[in-house]
Amino acid sequence: MSSPPHIAAPLAHYENFPVASWLCPPHLRPPIAAIYHFARTADDIADEGDASPGQRLADLRAYREELAAAARGQVAPSSRWPQVFGPLAHSIAQFKLPEQLLADLLSAFMQDIEKTRDGGTYADRAELLDYCRRSANPVGRLLLHLYGVNDAQALAQSDAICSALQLINFWQDPSVDLPRGRFYPPLADCARRGLARESFEAFMPLAEAPPPQEAINLIAVESAWARELMAEGAPLVHRLPGRAGWELRFVVQGGLRILDKIEDLGFDTFSQRPKIGKADAPLLVWRALRMRRQLRPMKAPLR
């Protein structure tokens, strides 16, 4: 499964799922860490080891049942994941984390397993965005919930950023996803370029044939779509107070930097996977500082 997107600042394994960095207010680090470990463990269930798809789905259903119990303030003595649901139950009770947002993440994990097992595809951008709505957007909404931000505009901007990050992850990772049977380009976009899912089998990594120009053009178009979504959500960085706003600046600029690197590769991410390194840090800091102030920042919520 391609990695879920950002919460707060980069952490290992979830490359695009940052959490509990030094920029986060100390009182919010425990619930953010609880959310991270919940999603990280679910990702491992869905994606790591040698379990069959059926066993992975069964384990995720059991995981969902434990989430429901945690939302009721219960952690069973026989829990398989007490290190996850103990802290999560406490955070749900203390911060009233919405259970449905956490459940949506599990729904996306399960869909990814089913799509991969069945050779499934996404018909169009609307269907792919529905997947992002559950795989990515809940992360941003959970963070906004912790900051006491829940107006419609902020939620829509958060959704745009998170969906953009998930899409960026897709267009960054075809060299990883295709060999694993994961196919995210919308079929409608492929068809406009004379491509189908089967078209990509001839130039997957280790294949002798290079990717055709139509496939490279597809990544270019999809990357432009992700950049447009990021631009829709970016004004949110000026509405969040203090550390949260600065954290989000780096999240946005990190995603945009990946898009720059995809472009630098001539949009051929079938042959090489772009990634951010330490050398990119000065540029990210400079770009974060230069982001235009389009709206006044929100006042920090009272607690």
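Which residues does S223 touch, not counting residues up to four places away in sequence? S223 touches W171, L259, I262 and F267. Contact here means heavy atoms within 4.5 Å.

This is a predicted model, in which local features need pLDDT of at least 70, side-chain atom pairs count only at pLDDT 80 or more, and totals for chains, interfaces and linings use all residues. Residues are numbered from 1 along each chain as its sequence is written, and side-chain values use heavy atoms, with hydrogens and water left out.

**View 1. Overview of the protein chain.**
The protein chain has twelve helices and zero strands. Helices (H or I, at least four residues) and strands (E, at least two) are DSSP runs, numbered from the N terminus. Along the sequence the pattern reads α-α-α-α-α-α-α-α-α-α-α-α. The chain has 303 residues, and 54% of them count as buried. Buried means under 20% relative accessible area, exposed over 50%, and partly exposed in between (1.4 Å probe, protein chains only). Take the contacts with a separation of 6 or more: 71% of them join residues 24 or more positions apart. The accessible surface comes to about 13800 Å², and carbon and sulfur atoms hold 54% of that area. Accessible areas come from the Shrake-Rupley method with a 1.4 Å probe; for residues, only the protein chains shown count as cover.

**View 2. S223 and its contacts.**
S223 sits in helix α10, residues 213–233. S223 counts as buried because its relative accessibility is 4%. One of its contacts is F267. F267 belongs to the loop between α11 (242–264) and α12 (281–290). The phi of F267 is near 65 degrees, a positive value in a residue other than glycine. Another contact of S223 is W171, and W171 also lines the second largest cavity.

**View 3. The second largest cavity.**
The structure holds three cavities of 30 Å³ or more. The second largest encloses about 100 Å³ of space. Its lining is made of F170, W171, P174, D177, L178, R182, F183, Y184, P185, F200, I219 and F270. Two elements, α7 (152–172) and α8 (174–177), give two or more residues each to this lining. By class the lining has ten nonpolar, no polar and two charged residues. Ala, Val, Leu, Ile, Met, Phe, Trp, Tyr, Cys and Pro count as nonpolar, Asp, Glu, Lys and Arg as charged, and the others, Gly among them, as polar. A cavity is a set of points, on a 1 Å grid over the protein atoms alone, where a 1.4 Å probe fits but cannot get out; lining residues have an atom within 4 Å of a point. Grid points are joined across faces, edges and corners, and a volume is the space filled by probe spheres set on the points.

**View 4. Helix α9, seen at L187 and D189.**
Helix α9 spans residues 187–191 and includes D189. L187 lies in α9 as well. D189 is buried, with a relative accessible area of 4%. L187 is partly exposed, at 30% relative accessibility. Not counting residues up to four places away in sequence, D189 touches R125, L218 and E222. With the same exclusion of residues up to four places away, L187 touches T121, Y122 and A123. D189 and D124 are 65 residues apart in sequence, and their C-alpha atoms are 7.1 Å apart. L187 and T121 are 66 residues apart along the chain, with 7.2 Å between their C-alpha atoms.

**View 5. Cysteines C132 and C162.**
A disulfide is a pair of cysteine sulfur atoms within 2.5 Å. By this rule the count is zero. The sulfur of C132 has its closest cysteine sulfur in C162, 9.8 Å away, so the pair is too far apart for a bond. C162 is likewise in no disulfide. C132 counts as buried at 0% relative accessibility. C162 also counts as buried, at 4%.

**View 6. K96 in its loop.**
K96 lies in the loop between α3 (82–95) and α4 (99–118). Its phi is near 55 degrees, a positive value in a residue other than glycine. K96 is exposed, with a relative accessible area of 61%.

**View 7. F250 in helix α11.**
F250 is found in helix α11. F250 counts as partly exposed, at 31% relative accessibility. F250 and L289 are 39 residues apart in sequence and 9.4 Å apart in space, C-alpha to C-alpha.

Definitions and conventions. On a 1 Å grid over the protein atoms alone, a cavity is a set of points where a 1.4 Å probe fits but cannot get out, and a pocket is an open set with protein on both sides within 12 Å along at least five of seven lines; lining residues have an atom within 4 Å of a point.
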